[in-house]
Amino acid sequence: MSVGPGHVEPPAHPLPALTTYELSDHRRQLELALTAVPEEAAVCALLQGRLAEVLAEQDSRVRLHAAGHR
């Protein structure tokens, strides 16, 4: 089966259950996929939404880490 540009497999687990490495890798995959599709492509909005979720999870982890070091 051929996978076209813009296709990123969803992670095996929910975002909060991913390791930091897995979350970073998933973010990289989404960012690369977004560079491979035109902005007006329907899949672009889906990828941007998924990327926003990953960024929010990463931000949440940074804030939790910072709060623990006060």
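Biologist: Which helix is Arg-61 found in?

Modeller: Arg-61 is found in helix H2, where a helix is a DSSP run of H or I with at least four residues, a strand is a run of E with at least two, and both are numbered from the N terminus. This is a predicted model, in which local features need pLDDT of at least 70 and side-chain atom pairs count only at pLDDT 80 or more, while totals for chains, interfaces and linings use all residues. Residues are numbered from 1 along each chain as its sequence is written, and side-chain values use heavy atoms, with hydrogens and water left out.

Biologist: Why is Arg-61 called partly exposed?

Modeller: Its relative accessible area is 22%, and the scheme calls a residue buried under 20%, exposed over 50% and partly exposed in between (1.4 Å probe, protein chains only); Arg-61 is therefore partly exposed. Leaving aside neighbours within four places in sequence, Arg-61 is in contact (heavy atoms within 4.5 Å) with Leu-15, Pro-16, Leu-18, Thr-19, Thr-20 and Leu-23. One of these partners, Pro-16, is 45 residues from Arg-61 in sequence, and the two C-alpha atoms are 9.1 Å apart in space.

Biologist: What makes Arg-50 and Glu-57 count as buried, given that both carry a charge in your scheme?

Modeller: Arg-50 has 19% relative accessibility, so it counts as buried, and Glu-57 has 16%, so it counts as buried as well. Arg-50 is found in helix H2, and the place of Glu-57 is also in helix H2.

Biologist: What do Arg-50 and Glu-57 touch, once residues up to four places away in sequence are set aside?

Modeller: Arg-50 is in contact with Val-8, Glu-9, Pro-10, His-26 and Leu-30, whereas Glu-57 touches Leu-15, Pro-16 and Leu-23. For the pair Arg-50 and Leu-30, the separation is 20 residues in sequence and 7.7 Å in space, C-alpha to C-alpha.

Biologist: How do you know that His-26 counts as buried?

Modeller: His-26 is found in helix H1, and its relative accessibility is 6%, so it counts as buried. With neighbours within four places left aside, its contacts are Val-8, Glu-9, Pro-10, Pro-11, Leu-15, Arg-50 and Val-54.

Biologist: Which residues of H2 are buried, and against what do they pack?

Modeller: The buried residues in H2 are Cys-44, Leu-47, Arg-50, Leu-51, Val-54, Glu-57 and Gln-58, and they pack against helix H1 (20-36). An α-helix has 3.6 residues a turn, so residues three or four places apart point the same way.

Biologist: How do you know how the span of H2 compares with what is expected?

Modeller: Helix H2 (residues 42-68) has 27 residues, and the expected span is 1.5 Å times one less than that number, namely 39 Å; the distance from its first C-alpha to its last is 40 Å, close to the expected value.

Biologist: What makes you say that the chain is more spread out than a compact globule?

Modeller: The chain has 2 helices and 0 strands. Its radius of gyration, taken over C-alpha atoms, is 14 Å, while the globule rule (2.2 Å times the number of residues to the power 0.38) gives 11 Å for 70 residues, so the chain is more spread out than a compact globule. Along its principal axes the C-alpha trace spans about 45 × 25 × 15 Å, and 24% of the 70 residues count as buried.

Biologist: Why is Ala-41 called partly exposed and Arg-70 exposed?

Modeller: Ala-41, which lies in the loop between H1 and H2, has 23% relative accessibility and so counts as partly exposed. Arg-70, in the segment after H2, has 85% and so counts as exposed. Ala-41 and Gly-6 are 35 residues apart in sequence and 9.4 Å apart in space, whereas Arg-70 and Thr-19 are 51 residues apart in sequence and 23 Å apart in space, in both cases C-alpha to C-alpha.
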